[in-house]
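Here's a quick walk through one chain, with an eye on how its charged side chains pair up. Have a look at the sequence and the fold before reading on.

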Amino acid sequence: MKRTFDLIFSLVGLIFLAPVLLIIGMLVRFNLGSPILFRQKRPGLNGQIFEMIKFRTMTDETDENGCLLSNKYRLTKLGRFLRKSSMDELPELWNVLKGQMSIVGPRPLKVEYLELYNEHQKKRHHVKPGITGWAQINGRNSISWEERFDLDVWYVANQSTLLDLKILILTVLKVIKRDGVEHKVDEVAGRFKGNINSE
């Protein structure tokens, strides 16, 4: 049922949003250059690695030593708008169509975090990662890592079609109100350093 919903939603979304995707792609190309898409390896179902795609929102500016500047200096006005509106996430519909992600599920985080999760937190990978999820409508980056993971695991244990619909509706409302979407970068909440000894 969930996979059928994901297939229909992602396919319809990609078709109807094609003009929007094209316009955003052109704006990104004009403002940031190439590449248009940001690609990064992320862990999916059971920790299997896949390549997640999003619209690029930051420049490649470096300091005098050739090191990338921090995110806050590389995030452009266009990038900030795309993140606030969550439109930078739209290409992930392709990941959903391919079966690597779901519309609703725990957000896919960095691969380097995999070895830092305790047994409780690892349960977030018992389902496919999602474009939006229970943690995203309950605080997003304004809550601690531990709270985010607890919300993810709660979703895994309580997932249902009705819960997914509720999350989708609340996600749309939060995006419209721009509630909790001021920043959508993992580093804004601080890098997860692990708490392996806690259960």
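Is E89 buried or exposed? E89 is buried, since its relative accessible area is 7% and the cut-off for buried is under 20%. Keep in mind throughout that this is a predicted model.

## The overall fold

Let's start with the whole chain. There are eight helices and four strands, and going from the N terminus the order is α-α-β-β-α-α-α-β-α-β-α-α. The C-alpha atoms fit in a box of roughly 45 × 40 × 30 Å along the principal axes. The radius of gyration is 17 Å, which agrees with the value near 16 Å for a compact globule of 199 residues.

Buried residues account for 45% of the 199 residues. If you take contacts between residues at least 6 apart in sequence, 71% of them join residues at least 24 apart. On the outside, the chain exposes about 10900 Å², with carbon and sulfur atoms supplying 61% of that area.

## E89 and its network

Back to E89, then. The side chain of E89 meets that of K54 in a salt bridge, at 3.9 Å from N to O. K54 sits in strand β2 (residues 49-55), while E89 belongs to the loop between α4 (77-84) and α5 (92-97), so this pair ties together parts that are 35 residues apart in sequence. K54 counts as buried too, because its relative accessibility is 10% and buried means under 20%.

The pair doesn't stand alone: K54, D88, E89, E92 and R107 are linked in a network of salt bridges.

## The β1-β2 hairpin

K54 also has a place in the strand pairing. Strand β1 (residues 37-43) and β2 run antiparallel and pair over seven bridges, and K54 in β2 is the bridge partner of F38. As a reminder for reading such strands, side chains in a regular strand alternate between the two faces of the sheet.

The hairpin of β1 and β2 has five residues between the strands, and N46 there takes a positive phi near 60°.

## Other salt bridges

How many salt bridges does a search of the whole structure find? The count comes to nine. One of them joins K2 and D164, at 2.6 Å from N to O. K2 is in helix α1 and D164 in helix α8 (residues 161-177), so the salt bridge ties together parts that are 162 residues apart in sequence. The two partners differ in how they are covered: K2 is partly exposed at 26% relative accessibility, whereas D164 is buried at 8%.

D152 and R124 make another salt bridge, with their closest N and O atoms 2.8 Å apart. Here helix α7 (residues 145-158) provides D152 and the loop between α6 (119-122) and β4 (130-132) provides R124, so parts 28 residues apart in sequence are tied together. D152 and R124 are both buried.

## A nonpolar patch on the surface

Now for something without charges. L7, I8, L11, V12, I15 and F16 make a nonpolar surface patch of about 590 Å². L7 is part of helix α1, which covers residues 2-16. Why does L7 count as partly exposed? Its relative accessibility is 34%, so L7 falls between the cut-offs of 20% for buried and 50% for exposed.

Methods: Residues are numbered from 1 along each chain as its sequence is written. This is a predicted model: local features need pLDDT of at least 70, side-chain atom pairs count only at pLDDT 80 or more; totals for chains, interfaces and linings use all residues. Side-chain values use heavy atoms; hydrogens and water are left out. Patches are made of residues with over 30% relative accessible area and no salt bridge: like charges are joined within 9 Å, nonpolar side chains (Val, Leu, Ile, Met, Phe, Trp, Tyr) within 5 Å. Accessible areas come from the Shrake-Rupley method with a 1.4 Å probe; for residues, only the protein chains shown count as cover. A salt bridge is a side-chain nitrogen of Lys or Arg within 4 Å of a carboxyl oxygen of Asp or Glu. Helices (H or I, at least four residues) and strands (E, at least two) are DSSP runs, numbered from the N terminus. Buried means under 20% relative accessible area, exposed over 50%, partly exposed in between (1.4 Å probe, protein chains only). Two strands pair if DSSP finds at least two bridges between them. The radius of gyration is taken over C-alpha atoms; the globule rule is 2.2 Å times the number of residues to the power 0.38. Contact means heavy atoms within 4.5 Å.
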